[in-house]
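Reader: I would like to learn how to read a two-chain model with some care, beginning with confidence and then moving on to sheets, helices and backbone angles. Where should we start?

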Amino acid sequence: MLFDESTLRKLNQLTLVASRIRSGAIKGERRSSHRGSSVEFADYRNYTAGDDLRRLDWNIYARLEKPFIKLLEEEEDLAVYVLIDGSRSMDWGDGEQNKFLYALHLAAGIGAIALGAGDLLSVGLLQGGRVAAEFSPARGSYALPRLFKFLESLEAKADTDLNASLKAYSIPPRRAGLAILISDFFAADGYETGLRQLLSRGHEAALIHVLAPNEIDPPLAGDLQLVDIETNAQQDVSIDGGLRNLYKARVREWIQSIQTDCRKHGIRYLDLVTSQPWEQVLLLEMRKSGLVK
Amino acid sequence: MQFLTPLAFALSILAVPIILLYMLKLRRKQTQVSSTLLWERLLREKQANAPWQKLKRNLLLFLQLLILAALVAALARPALETKVVTSGSVIVMLDASASMNATDVKPSRFEEARKSVLTLINGLTSDSAMTLILAAQTPQTLIASETDKSLLKAALSKAQVSQGSADWSAAFALAAGAARNEINSTVVIVSDGGLPDSGLPSLPGEARYIPVGQSDDNLAISALALRASKGVPQLFAEVANYSGADRKVLLSLYLENDLFDARQLDIPAHSQKSVSLEDLPVASAVYKAHISDPLKDEALDSLPLDDTAFAVYQSSAARRALLVSNGNFFLEQLLASLPGIQPFRALPAADGDLKIPNEPFDLYIFDGILPAELPKANLLLVNPPANPLFEVGETVKGIHNIQVNQHSLTKYVDWKTVHVLQAKRTTMPNWMNVLIESDSTPLVAAGETNGQRIAALTFDLRESDLPLQVAYPILFSNLINYLAPPSAFDASQSLSAGETLTLVPPTDVEKIIIATPSNIAYTLAAGQTLFSETNELGYYAVNFTSKDAAKAEYFAVNLFDPAESNISPREKLQIGNTAVTPAVSQQVGLQEVWQWLAGLALIALMIEWQVFHRKPFKIRIKDKG
């Protein structure tokens with residue numbers, strides 16, 4: 001069971017936020033930029049020939065003898081795409097601090113929020129340059145158990161090629177929506193081109209950067225041969241205090257560079273350490289970052 | 001340097017596992033990380049620092065091997081040879097006699113001995129104490145029962161060699177005194193062996209002997225003396241060859257620094273030759289004798305101290321005595337026969353008028369008469385009439401119970417057979433010492449008042465049988481030598497270094513300044529009659545300053561000690577009943593130095609620790625929750 005009852009109830013009160021609102025296929029609980037047929041008043045405009053006479057404000061016409069069309073807020077649903085990096089490097093960290101498990105928890109939480117808000121939710125597992133598994137779009141809380149089941153079935157096993165995977169994900173035509181990528185971004189070739197591709201399809205993106213605490217401050221010292229669990233690449237290193245401090249600084253710079261890059265492209269960015277309780281992240285950090293409200 | 005347990009070097013093989021372990025350690029431990037991406041980037045930047053990293057690793061290996069080497073060497077117990085490693089209470093007697101000036105070992109025997117003592121101090125174990133005794137003319141304890149090596153070294157550095165003979169008996173007494181307070185004491189004698197062969201008291205505890213010196217190469221002026229023979233000085237010089245080889249020497253004789261005679265002497269080994277010179281100038285003078293190599297212009301032998309000697313001739317014609325008398329055969333005879341006295345006689349005129357010559361005399365003798373005014377000089381009054389010095393009464397007959405008082409002037413005076421018919425009743429003032437007295441009146445008295453020496457006989461010599469007795473010349477010789485001292489001191493015999501000179505200054509002297517051979521001036525107070533700063537060999541000038549005249553006299557200080565001049569080092573010492581030999585086993589001791597190596601290992605260990613800890617092991621993860 002990924003969530004307990006009370007957490008779930010809290011998650012249901014949250015709504016995912018996309019800054020530029022996409023047109024939904026069905027009426028959702030979301031305010032749309034389209035003026036439409038809901039009951040909530042938005043504005044008036046002059047009548048032009050061909051306008052639906054049902055939307056003329058007769059009361060105004062009676063008073064002013066001028067025809068005005070009443071513009072109403074249109075509420076629509078949002079397409080939410082949760083993309084989970086399923087590379088082996090994600091399978092790092094002990095117990096609750098395992099990055100992949102953490103990513104699944106976040107995906108479940110976001111999924112629960114999205115479903116609870118009546119959004120259209122898709123979940124994709126990015127693995128080895130492709131989309132290895134996909135949770136077909138679903139809407140409504142009834143899909144929650146199926147989502148959880150899907151997430152539980154996932155495994156981190158292949159290499160990372162975020163560019164290729166994102167490209168692959170963006171090829172099939174999808175409704176433009178909010179794409180949330182959860183990854184550690186340990187990708188030799190980076191993620192930028194894939195992300196651009198995704199953005200070019202009209203999606204709005206948000207990055208959740210997940211790192212284990214011992215990746216930020218590694219408990220390593222002495223003469224070591226480091227073995228990459230994903231690529232099996234070996235790296236000889238003699239770690240002393242100076243080198244460790246340098247590494248820590250380098251991690252900070254790396255996170256900062258991703259953050260700067262994201263800000264430049266209007267992408268929301270959230271960096272997380274798996275030592276933070278994920279419930280707190282869902283209920284607090286994501287709200288702070290503006291990803292949910 | 002030797003090793004007491006050289007087998008320990010087998011432990012050097014432990015270097016093999018260290019190097020092996022080190023090579024194994026270089027096989028890095030494999031550690032899994034989620035990604036090496038960041039490490040790779042980081043290390044690409046750090047490539048430049050790689051050589052230093054390597055060096056640092058090698059530094060650790062080097063330090064570890066150094067620690068092992070130091071520990072193995074320490075276990076092998078390296079030991080340095082030292083002269084004598086001493087423990088317990090050590091009493092060192094350092095010979096500072098004249099023979100220690102010998103230069104057969106460079107720079108000198110005394111410096112060599114000082115070095116030996118320094119080795120002893122360095123070899124002293126931490127719980128043992130040392131007493132340093134300097135054996136010179138006056139032996140002195142330089143430092144007593146001290147454990148602090150720096151204090152011992154400071155005391156040792158102050159020790160000075162002397163130019164005289166050492167008083168070994170006194171030094172042994174000091175050593176015995178120092179040893180008495182200790183339970184386990186060792187007496188170490190650092191000397192060239194110039195100790196007396198017998199008569200030394202045995203020492204408590206163990207005695208050791210560290211001999212100094214190698215050669216017996218020395219010639220010495222063993223005697224230089226002057227004496228008056230028929231009023232003319234005669235010089236006697238003796239040169240001794242203490243070495244084992246026949247030698248030729250040039251003996252040069254100087255009179256007041258002017259060479260007046262030089263002759264070559266062939267002296268066989270261990271023998272001496274003497275030279276006599278006559279017909280020398282009558283005047284008082286300082287004579288110098290010097291021996292040198294006739295062929296080469298360099299030091300004749302190892303001990304130059306005894307190659308020069310001085311002698312002083314004092315002409316004895318100075319004492320003039322004036323006898324004022326109506327005619328006294330006994331006194332005239334006596335004065336004529338006393339050596340060193342030039343007698344003069346003055347007779348009163350027929351009318352009884354007495355005229356004293358104007359020229360001064362050393363001594364005035366008034367027999368039965370006195371001038372109107374007494375001369376301001378030393379006086380001998382025989383049977384005096386009334387005078388201002390003491391009270392003279394009527395003539396007493398029947399002199400009985402004659403008593404001779406103990407005094408230097410009555411030395412050897414035998415009065416038992418002397419009879420006096422009559423004497424004048426006198427009362428002597430306090431400053432007069434009554435030498436001989438009867439129950440009715442003093443007979444002979446002497447004393448000093450206002451710098452004037454006065455002696456008095458209260459009877460007429462012709463009224464007694466004294467002139468016929470043995471006591472007569474003795475008593476008068478004593479009195480005249482007292483009243484007219486021959487010289488302030490006796491310079492005919494030279495002193496040995498450190499010996500005290502007794503001065504009898506003329507009565508009118510106000511100040512005495514004595515200049516040593518190295519021109520250090522000592523001022524003696526008027527009343528002082530002893531001078532003991534005679535540690536230097538050479539001739540000393542004694543300047544007497546009186547109200548209207550200054551006079552200089554000289555005396556010489558010479559070594560003239562065969563025990564010191566014979567510098568051949570002794571093989572053994574006879575102390576009490578035991579012969580002390582410098583046994584080889586006692587001479588060489590071993591001082592272990594493993595402590596230093598262990599200390600080195602410790603320091604290397606600490607440095608290694610520091611170097612290693614430049615890689616801090618902070619593996620605690622900061623809790624970010």
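Author: This is a predicted model, so confidence comes before geometry. Among the elements of chain A, strand E6 (residues 178-183) has the highest mean pLDDT, 92, and strand E1 (residues 30-46) has the lowest, 62. Over the whole of chain A the mean pLDDT is 82, and 85% of the residues reach 70 or more.

Reader: Where in chain A does pLDDT stay under 50?

Author: That happens over residues 21-25 of chain A, for which the model nevertheless has 19 contacts beyond four places in sequence.

Reader: How should I read the meeting of the two chains, and how many residues of each chain are in contact with the other?

Author: One begins with the count and then asks which elements supply the residues. Here 35 residues of chain A are in contact with 28 residues of chain B. On the chain A side, the elements that give two or more residues are helix H7 (213-216), strand E8 (222-228), strand E9 (234-239) and helix H8 (241-264). By class, that side has 19 nonpolar, eight polar and eight charged residues.

Reader: Which strand of chain B pairs with E8(A), and in which sense, parallel or antiparallel?

Author: The partner is strand E2 (residues 29-33) of chain B, which pairs with E8(A) in the parallel sense over five bridges. One of the residues to look at is A:Asp228, whose bridge partner in E2(B) is B:Val33. The pairing belongs to an open sheet of three strands in the order E9(A)-E8(A)-E2(B), and the pairing within this sheet is mixed. E9 of chain A and E2 of chain B each have a single partner strand and stand at the edges, so one side of each is left without a neighbour in the sheet. Direction ignored, neighbouring strands of this sheet are turned by 35 degrees against each other on average. Helix H2 (residues 37-46) of chain B packs on the sheet, where it touches E8 and E9 of chain A and makes about 60 degrees with the direction of E9(A).

Reader: How can I check that a helix such as H8(A) has the span expected of it?

Author: One compares the expected span with the distance between the end C-alpha atoms. At 1.5 Å a residue, the 24 residues of H8(A) should span 34 Å, and the end C-alpha atoms are 35 Å apart, which agrees. After H8(A) comes A:Gly266, with a positive phi near 65 degrees.

Reader: In what order do the five strands of the open sheet in chain B stand?

Author: The order is E6-E5-E4-E7-E8, with mixed pairing. Strand E6 (140-146) and strand E8 (206-211) of chain B are at the edges with a single partner strand each, so one side of each has no neighbour in the sheet. The average turn between neighbouring strands of this sheet is 15 degrees, direction ignored. Strand E7 (residues 185-191) of chain B pairs with E8(B) in the parallel sense over six bridges, and the bridge partner of B:Thr186 in E8(B) is B:Glu206. Helix H4 (residues 109-122) of chain B lies across strand E4 (89-95), strand E5 (129-135), E7 and E8 of that chain, running at about 170 degrees to E4(B). Helix H5 (residues 149-158) of chain B also packs on the sheet, touching E5 and E6 of chain B, and its direction makes about 170 degrees with that of E6(B).

Reader: Which backbone angles deserve a second look?

Author: Omega and phi are useful here. B:Lys106 and B:Pro107 are joined by a cis peptide bond with omega about -5 degrees, and B:Pro107 is placed in the loop between E4 and H4 of chain B. B:Asn257 is not a glycine, yet its phi is positive, about 70 degrees; its place is the loop between strand E11 (247-255) and E12 of chain B.

Reader: Why does B:Asn257 count as exposed?

Author: B:Asn257 has 7 C-beta neighbours inside 10 Å and therefore counts as exposed, the cut-off for that class being 12 or fewer. B:Ala262, in strand E12 (residues 258-267) of chain B, has 13 such neighbours inside 10 Å and so counts as partly exposed. The C-alpha atoms of B:Ala262 and B:Ser252 are 4.2 Å apart, although the two residues are ten apart in sequence.

Technical notes. Residues numbered from 1 in each chain as written. Chains lettered and ligands numbered in written order. Predicted model: local features only at pLDDT ≥ 70, side-chain atom pairs only at ≥ 80, totals over all residues. Contact = placed C-beta atoms within 7 Å. Helix = DSSP H or I, 4+ residues; strand = E, 2+ residues; numbered from the N terminus. Nonpolar A, V, L, I, M, F, W, Y, C, P; charged D, E, K, R; others polar. Pairing = 2+ DSSP bridges. Buried ≥ 20, exposed ≤ 12 C-beta atoms within 10 Å, placed from the backbone. Axes fitted to C-alpha atoms, helices over the stretch in contact; angles between N-to-C directions. pLDDT = per-residue confidence, 0-100. Expected span 1.5 Å × (residues − 1).
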